[in-house]
Amino acid sequence: MKLTISVIKADVGSIGGHLRPSVKLKTTVENYLREHGKKLLIDSFISTTGDDIALLMSHERGVNDNKIHELAWDAFMAGTKVAKEQGLYGAGQDLLKDAFSGNVRGMGPASCEMEFEERPNEAFLFFTADKTEPGAYNLPLYLAFVDPMHCAGLLLSPKMAKGFTFTIMDVDYTEGDRLIELNTPENIYDIACLLRDNQRFVVESIRSRANDNISVVVSAEHLRKVGDTYKGKDDPVALVRTQGNFPSAGEVLSPYRITHYVAGTMRGSHIGPLMPAKQNSTISFFDGPPIVSCAAFSVHEGRFTEPVDTFDHPFWDWVRNNAAQKMAEIRNQGFSGPAMLPYSELEYGGVGEKMNQLDKQFIVRKDSAVNGKKNKAA
Ligand code: F6R
Ligand code: MG
Ligand code: MG
C-alpha cells in the first residue's frame, strides 16, 4: 500500500518556562487527534521533547494534505486552550497565525512528511529535537549515509554501494524553497561544503540511488522565513526509513555518539553539544543542552508497533555524560567567542541594540596611522 507518514510538531506551552508541556496539555492534544482523526488517520503517536509536542501520523492522503494539517493545527489549538487555562509559559507560542490557511508550513509548527510504498517489514526512526535548529541533523545524516566509519553497509551491502541523493535547502532564501540535489559518492565534498554551514544549508531529504526510494525527510524550515523578524530556533523533527537499501537503525544512530556542537540552548543564542535523550525528556541546565530523542517503529498497513526508545540504553548514559562535560566546557567561556552565536543568529535583539548605541560612541584616534600614513580624521 502507498502510505504517508506525517510529523507535525509545535511548542504551545510549558511548565516552569520552556521546559516541558503539562500532562494535561499532552493528553488533550492526544485525545483531540484520536477523536477528530478517526476518519483521516490510520494510526498516531504523540511524544514530547523538551517544550515541544510532536504528532506522528500515518494515513493514505499524501504529503501536504490540507485535512491532515488542519487536524494537527486544531489539535494544537485545543492544547493552547489548556495551556492558557493552566497558565503555562508560552501558551500557543508556535501558532504564529490567527487562522489556519491550508498548510502548517510557514505558520510556526515544524513538519516533515514522506509518501512511499510500504515494505513488508517497514522500519523507521522518528527523531525529535529541542533547543536547536534543523541543521543539527546535517552532520549525523552525512556520516550515516556517506561515511563507512559509521555506515558499514556502504562497504558490506552491494545495495547501498550505488549511494544516495541528498536534497539540500538554502533556508536563507525567503522567496520559496531553494534546493540543490547532489549524489553520493561522487559529490561528497560538495555536500560537505554546504552542510558545514548548519544555519544556512539543511538536508531536506535523502533518497536511495538503487531504487529512488525515500529514506529521510527533515523539517528543513527556518522560522526567519515567517515575516521579517527572527522568531527563534526551529526545534526540528525528522523521519528515517532504515534497513534494506537504507542504512540500518544502528548506522543511523552511530553519529549521535559524537554529541557535536550545535546552535541553540539558552535563548536560542549559544552553542551546545547535541545530547541524545530518552523520550519525553525535559530541558534543564542553561535551557539545554540541545537534545535529540528517537523512537524506532515497525509499521504494517499503516499501524505502528509500540515505540522502542533508542537512546534508552546503558551505552547512551556514557554518551550523555560526555555531552554534559562538553556542555560544561563551552559554558566555561560564557559569552566569549564561539560560545555565543554571531549577530545574525541571536534570538533576542539586546546585543544588536547595544551595538547600535555603542557604535555612536566610537571615535577614530586622530594621530593613528593607516598603511604608514595619517588617517583621514587627522
Ligand atoms: C530557547 C528557549 C529559552 C528561552 C528563555 C527565555 O529556545 O526557549 O531558552 O529563550 O527561557 O524565555 P523568554 O524570553 O520567553 O522569557
Ligand atoms: Mg520553545
Ligand atoms: Mg522547543
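**Figure 1. Met355 and the nonpolar surface patch in the predicted model.** In this predicted model, Met355 belongs to helix 8, which covers residues 350–361. With a relative accessibility of 35%, Met355 is classed as partly exposed. Together with Tyr343, Val351, Leu358 and Phe362, Met355 makes up a nonpolar surface patch of about 510 Å².

**Figure 2. Coordination of the magnesium ion (ligand 2) by Asp11 and Asp51.** The protein donors of this ion are the OD atoms of Asp11 and Asp51, which lie 2.1 to 2.3 Å from the metal. These two residues link distant parts of the chain, since Asp11 sits in the loop between strand 1 (2–10) and helix 1 (23–36), while Asp51 sits in the loop between strand 2 (43–49) and strand 3 (52–59), 40 residues apart. Asp11 is buried, its relative accessible area being 2%, and Asp51 is likewise buried with a value of 2%.

**Figure 3. The magnesium ion (ligand 3) and the bridging residue Asp51.** The protein donors here are the OD atoms of Asp51, Asp52, Asp130 and Asp235, at 2.0 to 2.5 Å from the ion. Along the chain, the donors of the magnesium ion (ligand 3) follow the spacing D-D-x77-D-x104-D. Asp51 bridges this ion and the magnesium ion (ligand 2), the two ions being 3.3 Å apart. Asp51 is placed in the loop between strand 2 and strand 3, and Asp130 in strand 5 (residues 122–130), so that the pair ties together parts lying 79 residues apart in sequence. Asp51 and Asp130 are both buried.

**Figure 4. Backbone setting of the donor Asp235, with Asn280 shown alongside.** Asp235, which is one of the protein donors of the magnesium ion (ligand 3), lies in the loop between strand 9 and strand 10 (237–241). Its phi angle is near 40°, a positive value in a residue other than glycine, and Asp235 is buried with a relative accessible area of 9%. A positive phi, near 60°, is also found at Asn280, again a residue other than glycine. Asn280 is located in the loop between strand 13 and strand 14, where it counts as partly exposed at 34% relative accessibility.

**Figure 5. Salt bridges formed by Glu122, Asp172 and Arg209.** Side chains of opposite charge can pair when their charged atoms come close. The structure holds 16 salt bridges, among them the one between Glu122 and Arg119, in which the closest N and O atoms are 2.8 Å apart. Both partners are buried, Glu122 with a relative accessible area of 1% and Arg119 with 18%. Another salt bridge joins the side chains of Asp172 and Arg200, at 3.9 Å from N to O. Asp172 lies in the loop between strand 6 (164–170) and strand 7 (179–183), and Arg200 in the loop between helix 5 (188–195) and strand 8 (201–208), so this pair ties together parts that are 28 residues apart in sequence. Asp172 is partly exposed, with a relative accessible area of 36%, and Arg200 is partly exposed as well, with 29%. A further salt bridge connects Arg209 and Glu186, whose closest N and O atoms are 3.0 Å apart. That pair links distant parts of the chain, with Arg209 in the loop between strand 8 and strand 9 (214–218) and Glu186 in the loop between strand 7 and helix 5, 23 residues apart. Arg209 counts as partly exposed, at 30% relative accessibility. Asp170, Asp172, Arg178 and Arg200 are joined into one network by salt bridges that share partners.

**Figure 6. Surroundings of Thr184 and the cis peptide bonds.** Thr184 is found in the loop between strand 7 and helix 5 and is buried, with a relative accessible area of 3%. The side chain of Thr184 reaches the backbone nitrogen of Phe164 at 2.7 Å. Beyond its neighbours within four places in sequence, Thr184 is in contact with Val146, Lys162, Gly163, Phe164, Phe166, Ile191 and Arg209. The peptide bond from Thr184 to Pro185 is cis, with omega near 0°, and Pro185 is located in the loop between strand 7 and helix 5. The peptide bond from Gly288 to Pro289 is also cis, with omega near -15°; Pro289 belongs to the loop between strand 13 (275–276) and strand 14 (291–300).

**Figure 7. Burial of helix 3.** Helix 3, made of residues 138–146, is mostly covered, with eight of its nine residues buried. These buried residues are Asn138, Pro140, Leu141, Tyr142, Leu143, Ala144, Phe145 and Val146. Val146 is also one of the residues in contact with Thr184.

Conventions
Residues are numbered from 1 along each chain as its sequence is written. Chains are lettered from A and ligands numbered from 1 in the order in which they are written. This is a predicted model: local features need pLDDT of at least 70, side-chain atom pairs count only at pLDDT 80 or more; totals for chains, interfaces and linings use all residues. Side-chain values use heavy atoms; hydrogens and water are left out. Donors are N, O and S atoms within 2.8 Å of the metal (3.2 Å for Na, K and Ca); water is not among the atoms, so sites may look incomplete. Helices (H or I, at least four residues) and strands (E, at least two) are DSSP runs, numbered from the N terminus. Buried means under 20% relative accessible area, exposed over 50%, partly exposed in between (1.4 Å probe, protein chains only). Patches are made of residues with over 30% relative accessible area and no salt bridge: like charges are joined within 9 Å, nonpolar side chains (Val, Leu, Ile, Met, Phe, Trp, Tyr) within 5 Å. Accessible areas come from the Shrake-Rupley method with a 1.4 Å probe; for residues, only the protein chains shown count as cover. A salt bridge is a side-chain nitrogen of Lys or Arg within 4 Å of a carboxyl oxygen of Asp or Glu. A polar contact is a pair of N or O atoms within 3.5 Å; within protein, one must be able to donate a hydrogen and the other to accept it, and residues adjacent in sequence count only if both atoms are side-chain atoms. Contact means heavy atoms within 4.5 Å.
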